[in-house]
Amino acid sequence: MTSGRMYRYNVKDSASSTVSKCEVEIAEYTGHKYCVALNSCGSAIMLMMKCAGLQPGDEVLSNAFTFGAVPSAIEHAGGKAVYVESNYDHVMCVDDLEKKLVEYPNCKFCLISHMRGKIADMDAVKDACDRHDVILLEDCAHSLGVEWKGTHTGHVGKVSAISAQSYKMINSGEGGFLLTDDAEIAAKCAVYAGAYEGLASKHTTVPGPEVFADLPTEIPNYSLRMSAIAAAVIRPQILTLDERREKYNKRYAFVTEKLVERKGHLLSIPVNTPGMTPVHDSLQFNLNHDITDEQVQNFLDEAATHGLPVELFGHKSNARNFVNWKFAPADQPLPLTAKMLTRACDVRLPLMWDDEDFETMVDVLCESLDAAIADEDVMA
C-alpha cells in the first residue's frame, strides 16, 4: 500500500512480485508445477476450459449439484452444460456419468465440482472419462486442503481451479488460481489473464518463453489478473491451512456425532468417499423424506429465530439449485438430484467460534427440529 504497487506487473521482476510469491506458495501447497493467480475462481474455471481446448458449442458434463458459478463459467467459455446426477453424499453419481458419456458421444470435457469439499470416486471418474476420450477438469473451489489418496485434489484432472472468495479456506474477498502440470495450458492462462508483450517474465510458476512463443498476439487479453492486494491478504493464510483443517475436522466430528446420536432417525450425514482426506469447514445433512416440505421450512425458520442460518440447497431461491440456472437449463430430468436437494441442508462452521459454541449449535439444530415437526409418527 505504501509503494502503490498494487498491479501485479508493476515490479522489476518475478522475485519482487507479491502475486508471484503467492503463486509459488499455492503451487507448493497443492503440489502443482504451474499456477496462475486470477481475479476469481469463476475466471479460473472459465479459462481452464478455454485453455484445455473448448470450442464454442462444445458440451461439458458437470455436476447437477454445484454452485451457479460453474454453469455460468461454462456459458462464459462458450460451452453447453450437460448435467450429471448428484447423489445423497453430495457428489457426482458415477453411474449417471457413465450413462451420460454414452448419451453424449460428442462431449469432450467433464468438469467435476468438489462441492463443499466432497470428493467422488475420482479413480472411477477418471477411468470413465479416459474410456470415452473426455478431458477431466476439476473445480476445487471448495477443496483446498482436501486430498485424494494422499495427493491434493486437482491432480486427477488435467487442470484445476481453487478459490479465495470470502467463504473459502483462503479469503481475499475475491480471487482464484488455475493449477496444472501442463505447460501449454499454463502459458495460455497467463496470456488470457493479461500477460501481454513480455510480462510472462514477471511470473515464476509458468513455463519458459519458448512455450509462450506467439501466444500474446494470437489469443486475447481478458485482464483477469489478481491484484497485489489480494495476494498479500492470501499469503499469511496459506501458512495456517493445515492447522485450520485440523480444527475444522475436529469440530465437524463433534457436531455430526451428536446430531446422529440425538436425531439420527430424522437425518443422515453424507458419507466421505473412501480415499479422501477431508476439510470439513461446513456442515451438510439430509433430512428424511418423511418430513414434509412445510416442516422443513418450519425447521429453517425456527433455527433462524435462534440466530443460526440453515440453508436448504433445494430452496426455490438457492443458487445451488439447478432449476434456477435458466441461463443454462437442464435438457433432461434430474430426478435423483432434484429429490436430494429438497432435503439437503447446509450450515457454516465459523472458524472464529469457540468450541463451546458448537455445543450450542447442536442444541439449536435438534431443538429446532423438535419444534418444527408436529407429526409424532415421524419423530418416533
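At what angle do helix H11 and helix H13 pack, and how far apart are their axes? Keep in mind as you look that this is a predicted model. Helix H11 covers residues 293-305 and helix H13 covers residues 355-372; they pack at about 135 degrees, with 8 Å between their axes. Angles over 145 degrees would count as roughly antiparallel and 65 to 115 as roughly perpendicular, so H11 and H13 end up oblique to each other. Their crossing is right-handed.

Now pick out the side of each helix that does the touching. From H11, the contact uses Gln 295, Asn 298, Phe 299, Glu 302 and Ala 303. H13 answers with Val 364, Leu 365, Ser 368, Leu 369, Ala 371 and Ala 372. Sort the residues of this contact by type and you get 7 nonpolar, 3 polar and 1 charged.

Next, turn to the sheet. It is an open one with 7 strands and mixed pairing, and the strand order reads S1-S9-S8-S5-S4-S2-S3. Strand S1 (34-38) and strand S3 (80-84) are the edge strands, each pairing on one side only. Going from one strand to the next, the twist averages 20 degrees.

For a closer look at one pairing, find strand S8 (residues 159-163) and strand S9 (residues 176-180). These two pair in the antiparallel sense, over 5 bridges. One handy landmark is Ile 162, whose bridge partner in S9 is Phe 177.

What packs on this sheet? Helix H1 (residues 18-30) does, touching S1, S8 and S9, and its direction makes about 130 degrees with that of S1. Helix H4 (residues 94-103) lies across strand S2 (59-63), S3 and strand S4 (109-113), and runs at about 140 degrees to S3.

There's one more helix pair to visit. Helix H2 (residues 41-51) and helix H6 (residues 183-193) have axes that come within 9 Å and cross at roughly 125 degrees. That angle makes H2 oblique to H6, and the crossing of H2 and H6 is right-handed. On the H2 side, the contact is made by Leu 47, Lys 50 and Cys 51. On the H6 side, you'll find Ile 185, Lys 188, Cys 189, Tyr 192 and Ala 193. How do the residues of this contact divide into nonpolar, polar and charged? There are 6 nonpolar and 2 charged, with no polar residues in the contact of H2 with H6.

Terms used:
Residues numbered from 1 in each chain as written. Predicted model: local features only at pLDDT ≥ 70, side-chain atom pairs only at ≥ 80, totals over all residues. Heavy atoms only, no water. Axes fitted to C-alpha atoms, helices over the stretch in contact; angles between N-to-C directions. Helix = DSSP H or I, 4+ residues; strand = E, 2+ residues; numbered from the N terminus. Parallel < 35°, antiparallel > 145°, perpendicular 65-115°, else oblique. Left-handed = near helix turned anticlockwise from the far one by under 90°. Contact = heavy atoms within 4.5 Å. Nonpolar A, V, L, I, M, F, W, Y, C, P; charged D, E, K, R; others polar. Pairing = 2+ DSSP bridges.
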